[in-house]
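This report introduces a protein structure to a reader who has not met it before. Please view the sequence and the structure together before reading on.

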Amino acid sequence: MDAIKKKMQMLKLDKENALDRAEQAESDKKAAEDRSKQLEDEIAQLEKQLRVAEDERDRVLEEQHTSEESLLAADEKATKLEDELVSLQKKLKSTEDELDKYSESLKDAQEKLELAEKKATDAPKSSGGSEDRRVASRGKCRLKVRPGR
C-alpha cells in the first residue's frame with residue numbers, strides 16, 4: 001500500500017508539475033502573442049514610414065527632374081543670349097568703324113570747306129557772284145557728307 005500511496009503522490013506531484021508547466025506555457029503563449037502583436041504594430045508603423053519615405057523620394061526626384069529641365073532651358077537661353085551679344089558686338093564694331101569712316105570724311109570735307117572759304121575770302125571781291133558761289137559750295141559739301149545717301 002505504501003507503494004500505491006507513493007505512486008499516488010508521484011502522480012499528484014506529476015499532475016501539479018504538469019499544471020504548473022501548462023500555466024507557464026499559457027503565460028509564455030500570452031507573452032509571445034503580446035510580443036507578436038507588438039512586433040506587428042511596429043512592422044505596420046515601419047511600413048507606413050517606408051511609404052512616406054518613398055513618397056518623399058518620388059517628390060524629390062520629380063523636383064530634381066523639373067529643376068534639371070529648368071536648368072537646361074536656362075542654359076539654352078543663356079547660349080542664345082551670348083550668341084546675340086556676340087552678334088550685337090560685331091554690329092556695334094561695324095557701326096563704330098562706319099562712324100569713324102564718316103567722321104574722317106566729315107573732317108576732310110570741313111578742311112576742304114575751310115580751304116575753299118579761305119580761297120574765296122582771299123580772292124578779290126571784284127567778281128559779283130563770289131559770295132553766291134561760296135554759299136553754293138557749302139551746300140554741295142554738306143550734301144556729300146551725309147551718311148547713307
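Ile-4 is exposed, at a relative accessible area of 56%; the term exposed stands for over 50%, buried for under 20% and partly exposed for what lies in between (1.4 Å probe, protein chains only). The structure is a predicted model, in which local features need pLDDT of at least 70 and side-chain atom pairs count only at pLDDT 80 or more, while totals for chains, interfaces and linings use all residues. Residues are numbered from 1 along each chain as its sequence is written, and side-chain values use heavy atoms, with hydrogens and water left out.

**Overall form**

The protein has two helices and zero strands, taken as DSSP runs numbered from the N terminus (H or I of at least four residues for helices, E of at least two for strands). Helix H1 covers residues 2-122 and contains Ile-4. Of the 149 residues, 3% are buried. About 13,700 Å² of the protein is exposed, and carbon and sulfur atoms supply 55% of this area, as computed by the Shrake-Rupley method with a 1.4 Å probe.

**Surface patches**

Ile-4 joins Met-8 and Leu-11 in a nonpolar surface patch of about 330 Å². A patch takes in residues with over 30% relative accessible area and no salt bridge, joining like charges within 9 Å and nonpolar side chains (Val, Leu, Ile, Met, Phe, Trp, Tyr) within 5 Å. A negative patch consists of Glu-96, Asp-100, Glu-104, Asp-108, Glu-111 and Glu-114; Asp and Glu count as negative. Asp-100 belongs to helix H1 and is partly exposed, with a relative accessible area of 49%.

**Salt bridges**

The count comes to seven salt bridges, each being a side-chain nitrogen of Lys or Arg within 4 Å of a carboxyl oxygen of Asp or Glu. Three of them are listed below.

| Salt bridge | Closest N and O atoms |
|---|---|
| Asp-34 and Lys-30 | 3.8 Å |
| Lys-37 and Asp-41 | 3.2 Å |
| Arg-59 and Glu-63 | 2.3 Å |

Asp-34 and Lys-30 are four residues apart in helix H1, about one turn of the helix. About one helical turn also separates Lys-37 from Asp-41, because they are four residues apart in helix H1. Lys-37 is partly exposed at 47% relative accessible area, and Asp-41 is partly exposed at 41%.

Arg-59 and Glu-63 are likewise four residues apart in helix H1, so about one helical turn lies between them. Arg-59 has a relative accessible area of 39% and Glu-63 one of 44%. Together with Glu-56, Arg-59 and Glu-63 make up a network of salt bridges.

Note on methods: The place of a charge is taken as NZ of Lys, CZ of Arg, CG of Asp or CD of Glu.
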